[in-house]
Amino acid sequence: MFGRKKKKADDWVELKDQPVPEGSHLLEVDDLKMFFHTEDGVVKAVNGVSYTLDRGETLGVVGESGSGKSVTSMTIMGLIDMPPGKIEGGDVRYRGKSLLKMSEEQMEHVRGNDIAMIFQDPMTSLNPVYTIGRQLSEGMRLHMGYTKEQALQRSIELLKMVGIPNAEQRVKDYPHEFSGGMRQRVMIAMALACNPDILIADEPTTALDVTIQAQIIELMQEMQKKNGNAIIMITHDLGVVADVADKIMVMYAGSPVEFGTADEIFYESMHPYTWGLTRSIPDPVFDEKHALTPIKGNPPSLVNLPAGCPFSPRCPYATDLCRTKVPERFTTETGHYSRCHYAHDPEFVRKNAPQTSHTKTKSSKSPEVAKGGEA
Ligand SMILES: Nc1ncnc2c1ncn2[C@@H]1O[C@H](COP(=O)(O)OP(=O)(O)OP(=O)(O)O)[C@@H](O)[C@H]1O
Ligand code: SF4
Ligand SMILES: [Mg+2]
């Protein structure tokens, strides 16, 4: 795979340079469903995911382990093996073009040029037998037509940019010679090498200490300021995206249960699962007065989802309706949506949402119920 220069298809259109069609968004994920068909049954890993993203924006994707955060992004990137995976419905449009309809060759180009992903495990994403410099250069030679020397120089620049000291020397090292934090930085450098339109960072900071976490997030934000790219930041910790995300999608058992602007998620949340996540992060306003309360119980199996609302076995407000009927999506006019039977009831929300959710005065919205996907 290394050192090979691939010719682009003659009819290839450089997507990154195409305008976003009027009325569309940079990225539109529209009721996306991708299930794994396994011997043990059908794993509903991506079950009706919808969101939009524009240039310069940061989307936080939040949820517990196994909620489908990584698999959703890998489906968008065309990185899921089909089979066992199968697209069961929906679409993903990038600059108005469906990524699901693209050939593997086109998707390879999109992955190198337009949408880049920093994977969850930096060690398995770097090839142990090639130097850092060679791995960084590969994409630039393949997609940007750089010569070996140009790619090497740019690799050194990128390593410096992500704060690797002595980059001229370190570019010749192998992944095992780098610490975990440094490998994360290399992954970021690699993802940024081709100046992508969308950068997907999958738990980029989990294994790192807090100081390095903060530096990595700052670095991605600096890049975004400079390049205007969009970022999708995946994390199990709502607190991590509190200050950086413009929009947040909260996932539970393969489905988004709530989506909105960061302010809507933090101050006007309409879903009990989001309230649980909010209560389990240190609260900047009420920190001293409120003990952290983790959400009780475990997420369900994605093969055997509970009847009705998937959160009902753990939800303190569950009713018979919740245990029998899948909630539809309740969407406000700003696009903020929640999949809870009681999201439309301001009294329910006011009474039960964490106190921080009331620190802002509600705007005069006139919510309407939009049809959601089923589970
Ligand atoms: N190849 C596969 N075959 C069957 N099931 C799979 C496969 N890959 C992932 N899954 C399942 O899909 C579900 C979603 O996984 P995913 O990795 O997206 O979770 P996640 O939200 O990223 O969790 P984490 O926070 O632990 O990274 C899980 O139940 C997982 O076991
Ligand atoms: S639909 Fe019912 S069980 Fe589900 S989150 Fe809302 S109140 Fe809880
Ligand atoms: Mg993951």
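## Exercises on a predicted model

Helices H4 and H5 are oblique to each other. The structure is a predicted model, and the exercises below begin with this helix pair.

**Exercise 1.** Determine how the axes of H4 and H5 are arranged and which hand their crossing has.

*Solution.*
Step 1. Locate the helices: H4 covers residues 132-144 and H5 covers residues 148-161.
Step 2. Consider the axes, which come within 9 Å and cross at roughly 120°.
Step 3. Classify the angle. Angles of 65 to 115 degrees count as roughly perpendicular and those over 145 as roughly antiparallel. The crossing angle is roughly 120°, and H4 and H5 are therefore oblique.
Step 4. State the hand: the crossing of H4 and H5 is right-handed.

**Exercise 2.** Establish whether strand S3 is enclosed or open, and identify the strands with which S3 pairs.

*Solution.*
Step 1. Examine the two faces of S3. On one side lie Thr-58, Gly-60 and Val-62, and on the other Leu-59 and Val-61; all are buried.
Step 2. Draw the conclusion. Because five of the five residues of S3 (residues 58-62) are buried, the strand is largely enclosed by the rest of the structure.
Step 3. Identify the partners. S3 pairs with strand S8 (residues 230-235) in the parallel sense over five bridges. S3 also pairs in the parallel sense with strand S9 (residues 247-252), over four bridges.
Step 4. Follow Gly-60 into both pairings: this residue stands opposite Met-233 in S8 and opposite Ile-248 in S9.

**Exercise 3.** Decide whether Tyr-94 is buried or exposed, and describe its separation from Leu-15.

*Solution.*
Step 1. Place the residue: Tyr-94 is found in strand S4 (residues 85-94).
Step 2. Apply the cut-off. A residue is buried if 20 or more other C-beta atoms lie within 10 Å of its own. Tyr-94 has 25 such atoms within 10 Å, so Tyr-94 is buried.
Step 3. Relate chain to space. Tyr-94 and Leu-15 are 79 residues apart along the chain, and their C-alpha atoms are separated by 8.3 Å.

**Exercise 4.** Describe the surroundings of ligand 1 and of ligand 2.

*Solution.*
Step 1. Begin with ligand 1. It is surrounded by 16 residues, the closest being Phe-36, Ser-65, Lys-69, Ser-70 and Val-71.
Step 2. Sort this shell: six residues are nonpolar, nine polar and one charged.
Step 3. Trace its origin. S1 (27-38), S2 (41-53) and H1 (69-76) each supply at least two residues, and the largest share, three residues, comes from H1.
Step 4. Turn to ligand 2. The residues around ligand 2 include Cys-309, Cys-315, Cys-322 and Cys-340. This shell divides into ten nonpolar, two polar and no charged residues.

Technical notes:
Residues are numbered from 1 along each chain as its sequence is written. Chains are lettered from A and ligands numbered from 1 in the order in which they are written. This is a predicted model: local features need pLDDT of at least 70, side-chain atom pairs count only at pLDDT 80 or more; totals for chains, interfaces and linings use all residues. A residue is near a molecule or strand if its C-beta atom, placed from the backbone, lies within 6 Å of it. Ala, Val, Leu, Ile, Met, Phe, Trp, Tyr, Cys and Pro count as nonpolar, Asp, Glu, Lys and Arg as charged, and the others, Gly among them, as polar. A residue is buried if 20 or more other C-beta atoms lie within 10 Å of its own, exposed if 12 or fewer, and partly exposed in between; C-beta atoms are placed from the backbone. Two strands pair if DSSP finds at least two bridges between them. Axes are lines fitted to C-alpha atoms, for helices over the stretch in contact, and angles run from 0 to 180 degrees between N-to-C directions. Angles under 35 degrees count as roughly parallel, over 145 as roughly antiparallel, 65 to 115 as roughly perpendicular and the rest as oblique. A crossing is left-handed if the near helix is turned anticlockwise from the far one by less than a right angle, and right-handed if clockwise.
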